[in-house]
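Let's walk through this one together, stop by stop. Have the viewer open and click along as we go.

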Amino acid sequence: MTSSRPSPEDPVSPEDPVPEPHDPTGQIVWHDHAVGPVDRQRVLGQRGCVVWFTGLSGCGKSTIANALDQQLVQRGAAAMLLDGDNLRHGLCAPPPRLAARHGEAFAARFGLGFGPEDREENIRRIGSIAQLFASAGLITLTAFVSPYRRDRDRVRELVEGSGQAGDFLEVFVDTPLEICEARDPKGLYQQARAGAIPHFTGISDPYEAPTAPEVHLRGGDGWAPAELAAEVLAALETRGIFSPSFPG
């Protein structure tokens with residue numbers, strides 16, 4: 001089967017889609033699919049969305065997201081959890097993890113550290129993956145510190161721009177820094193205080209808290225992760241994204 005994409009020598013005809021302004025070659029053109037999000041929603045009996053957990057390291061976002069994932073699957077929902085630490089092992093790996101297999105030059109170019117630009121690219125990659133999962137009809141849970149409000153807002157625009165308003169739910173796990181630091185499950189705060197970890201959110205780098213999250217969870221108040229996850233589940237049901245009557 002031959003491609004209908006024009007070669008570099010071929011002019012773009014007036015009938016062809018207008019290329020994006022940032023594509024000087026005119027070779028990148030959006031391809032519409034016969035099956036769309038509404039079709040997948042009909043099959044799955046739910047609406048694809050992104051539930052974006054954000055908060056300081058140690059706030060409990062991964063634990064709560066994991067509990068929510070379990071609650072959704074137990075009710076027959078199609079869900080997927082993207083966790084920040086897990087994705088740092090592959091898609092968003094730091095340079096040292098990439099160097100052994102791909103070489104130093106590749107690792108330096110594509111590996112991600114924890115400086116401001118690396119964090120921005122980390123969230124851009126994850127946001128794009130989450131948007132694709134949501135378009136496939138999955139209730140997509142993400143657990144990332146994602147400290148910069150601008151980066152989270154960009155993901156919201158991406159997800160809702162390809163779907164509809166309300167497809168992105170920001171969940172702020174609002175656990176005080178002193179509690180996160182006392183927990184310190186990975187010993188990261190101790191290292192950051194000692195100066196061994198630069199650009200550590202909450203210590204040497206800022207965290208920009210959400211101003212109007214769809215769900216605001218008060219971490220550190222004695223609530224069990226399953227109870228906090230149930231609050232998010234109730235928000236999904238209220239918004240018509242998922243119903244307990246899903247035919248699973």
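## Salt bridges, cysteines and a few odd corners

Start with Glu120 and Arg150, whose side chains meet in a salt bridge at 3.2 Å, N to O. This pair links distant parts of the chain: Glu120 sits in helix 6 (residues 116-135), Arg150 in helix 7 (residues 149-162), and their positions lie 30 residues apart in the count. Keep in mind that what you are looking at is a predicted model. Glu120 is partly exposed, at 28% relative accessibility, and Arg150 is partly exposed too, with 46%.

Glu120 also has another partner. Arg154 forms a salt bridge with Glu120, and here the closest N and O atoms are 2.8 Å apart. Again the pair links distant parts of the chain, with Arg154 in helix 7 and Glu120 in helix 6, 34 residues apart. Arg154 has a relative accessibility of 40%, so it counts as partly exposed.

Now slide along to Glu121. Its salt bridge is with Arg124, with 2.7 Å between the closest N and O atoms. This one stays within a single element: both Glu121 and Arg124 lie in helix 6, three residues apart, or about one turn of the helix. Elsewhere, salt bridges that share partners tie Arg152, Arg156, Glu160, Glu170 and Glu214 into one network. Altogether the structure holds 15 salt bridges. As background, side chains of opposite charge can pair when their charged atoms come close.

Next, the cysteines. How many disulfides does the count come to? The count is zero. Take Cys59: the closest cysteine sulfur belongs to Cys180 and is 5.6 Å away, so the two are too far apart for a bond. The cut-off used for a disulfide is sulfur atoms within 2.5 Å. Seen from the other side, Cys180 is in no disulfide either, and its nearest cysteine sulfur is that of Cys59. Cys59 counts as buried, at 2% relative accessibility, and Cys180 is buried as well, with a relative accessible area of 0%.

From the cysteines, go to Leu177, which is placed in helix 8 (residues 177-183). Is Leu177 buried, partly exposed or exposed? With a relative accessible area of 27%, Leu177 is partly exposed. Setting aside neighbours within four places in sequence, Leu177 is in contact with Leu56, Tyr189, Arg193 and Gly202. Ile203 is another residue to look at from here: Leu177 and Ile203 are 26 residues apart in sequence, and their C-alpha atoms are 9.2 Å apart in space.

Finally, have a look at the backbone. Most residues other than glycine have a negative phi, and most peptide bonds are trans. Asp184 goes the other way, with a positive phi of about 35 degrees although it is not a glycine. You'll find Asp184 in the loop between helix 8 and helix 9 (188-193), and at 16% relative accessibility Asp184 counts as buried. His199 is a further case, with a positive phi near 55 degrees in a residue other than glycine. His199 is in the loop between helix 9 and strand 5 (215-217), and it is partly exposed, with a relative accessible area of 35%.

Methods
Residues numbered from 1 in each chain as written. Predicted model: local features only at pLDDT ≥ 70, side-chain atom pairs only at ≥ 80, totals over all residues. Heavy atoms only, no water. Helix = DSSP H or I, 4+ residues; strand = E, 2+ residues; numbered from the N terminus. Buried < 20%, exposed > 50% of the residue type's maximum accessible area, 1.4 Å probe, protein only. Contact = heavy atoms within 4.5 Å. Salt bridge = Lys/Arg side-chain N within 4 Å of Asp/Glu carboxyl O.
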